[in-house]
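Work through the exercises below with the sequence and the model in view. Each task is followed by a solution in steps.

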Amino acid sequence: MKIFIIITGGRTGSGFLHSILDGHPQICYFPGEFFFDEFFESARKEKSAVSIAKLFCKEYKYFFDSRYNKFERFNKLGESKKDFFLVNKEKFIKYFIKFHKIKDNNKLSLLKNLHFAYAATKKENLKKKKILLLHLHHGFRLKIFKDLNYEILYTIRDPKTNLSSFFSSWRRYKKQVIDPWSYYFNMKRVIRGLQELKSYKNKIHVIKLEDMHLRNKFIVKQLCNTLKIKFEKILNYSTFHKKKWWGDMAMKKFLNGANKKFINKFDNSLFFDKDIYFIEKSLKNFMTRYNYPFSFKKKKYNYLYIIFPFKMEIIMFNHSLKNKKLKNIFEVFYFYIRRVLLFIISDIRQVLSKKK
């Protein structure tokens, strides 16, 4: 069984990609993100298959009752937006005990047997399974798989819209301005995400969110070829447990599957012109390779402008000051320095890559 791992490049439609692959009879998967690196560290301390299974049921309870996952709107599935799904925990535990031998409690056997037990509980035919699909979400979590064979499905989006969407969706969902750590974390994965994934030396399949909407039939065909699976009608729909999915709560509207009129829009009020210039400069190779439009083709800024705060950093600082969040004020300065260094180092690497 071949392993494919979904990694996101930010607000880039990793959940949408997952929902497209949902329900395919040849794919073994959980309905959502599974942070296997964290779970493995906890599971290796357990002394029986029963305790491991119970731990899984506890930590990922929304896999068994989707109403617990309100952020992903798993409590509002189906055409009526009133559906949800249930998976029997007791049956899952019995199947896991049957499949998993505690003496063989290594990463690969644990990963596979958890998925097999879940699929068996849903009465799926395990003999048909060819692919294990893991939505790991974050690139840094791949460290645990350094000795395993897998391929990566990496979702991307226009960088400006990506950054804007993350900042805005956080403010919309959390009802507050993003914290400095999260801001820098997302900035780094937009600027360096793909390059850092390449350091793992595993095959990477880059999938554009724009193409998932505007070229949906092509992407579905490409996914079938990549995963070497048969085309199934379920691939034409965005579902979880074969129930229509409407996107997560961080979105302004309900996502109704692939949108043929999809347009990338970013909130220009979140950027100074110089911010966009330096973002595009640092991502010139990336944007050219994946055919993303440049806003600044002729205008240039002196490189010293890189040391001036970005608009988002000023918004975070003002918010922290207004709400007397002393820790956040300190962190704004700390991550501002790290952001400046991130861009400088990225530019140096980009120049060096051209000389090779």
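**Exercise 1. Cover of a helix**

How many of the residues of helix H1 (residues 14-21) are buried?

Solution. The model is predicted.
Step 1. Take the cut-off: a residue is buried when its relative accessible area is under 20%.
Step 2. Apply it along H1: Ser14, Gly15, Phe16, Leu17, His18, Ser19, Ile20 and Leu21 are buried.
Step 3. The count is therefore eight of eight under the cut-off for buried, and H1 is mostly covered.
Step 4. Look past the end of the helix: glycine 23 follows H1 and has a positive phi, near 85°.

**Exercise 2. The sheet**

Determine the strand order of the open sheet and trace its pairings.

Solution.
Step 1. The sheet has five strands in the order S2-S3-S1-S4-S5, and the pairing is parallel.
Step 2. Strand S2 (27-29) and strand S5 (204-208) are the edge strands, each pairing on one side only.
Step 3. From one strand to the next, the twist averages 25°.
Step 4. Start from the S2 edge: S2 runs parallel to S3 and is joined to it by three bridges. Isoleucine 27 stands opposite isoleucine 131 in S3.
Step 5. Place H1 against the sheet: H1 packs on it and touches S1, S2, S3, S4 and S5. The direction of H1 makes about 160° with that of S3.
Step 6. Continue to strand S1: six bridges join S1 to strand S3 (residues 131-137), again in parallel. Here phenylalanine 4 has leucine 133 of S3 as its bridge partner.
Step 7. Cross to the other neighbour: S1 pairs with strand S4 (residues 151-156) over five bridges in the parallel sense. Isoleucine 6 is partnered by leucine 153 in S4.

**Exercise 3. Enclosure of a strand**

Explain why strand S1 (residues 2-8) is described as largely enclosed by the rest of the structure.

Solution.
Step 1. Count the buried residues of S1: six of the seven.
Step 2. Because six of its seven residues are buried, S1 is largely enclosed.

**Exercise 4. Two helices in contact**

Describe how helix H3 (residues 49-59) and helix H4 (residues 89-99) cross, and classify the residues of their contact.

Solution.
Step 1. The two axes come within 9 Å and cross at roughly 140°.
Step 2. Angles over 145 degrees count as roughly antiparallel; H3 and H4 are therefore oblique to each other.
Step 3. The crossing of H3 past H4 is right-handed.
Step 4. H3 contributes Ala49, Val50, Ile52, Ala53, Lys54, Phe56 and Cys57 to the contact, and H4 contributes Lys89, Phe92, Ile93, Phe96 and Ile97.
Step 5. Sorted by class, these residues are ten nonpolar, two charged and no polar.

Note on methods: Residues are numbered from 1 along each chain as its sequence is written. This is a predicted model: local features need pLDDT of at least 70, side-chain atom pairs count only at pLDDT 80 or more; totals for chains, interfaces and linings use all residues. Side-chain values use heavy atoms; hydrogens and water are left out. Axes are lines fitted to C-alpha atoms, for helices over the stretch in contact, and angles run from 0 to 180 degrees between N-to-C directions. Helices (H or I, at least four residues) and strands (E, at least two) are DSSP runs, numbered from the N terminus. Angles under 35 degrees count as roughly parallel, over 145 as roughly antiparallel, 65 to 115 as roughly perpendicular and the rest as oblique. A crossing is left-handed if the near helix is turned anticlockwise from the far one by less than a right angle, and right-handed if clockwise. Contact means heavy atoms within 4.5 Å. Ala, Val, Leu, Ile, Met, Phe, Trp, Tyr, Cys and Pro count as nonpolar, Asp, Glu, Lys and Arg as charged, and the others, Gly among them, as polar. Buried means under 20% relative accessible area, exposed over 50%, partly exposed in between (1.4 Å probe, protein chains only). Two strands pair if DSSP finds at least two bridges between them.
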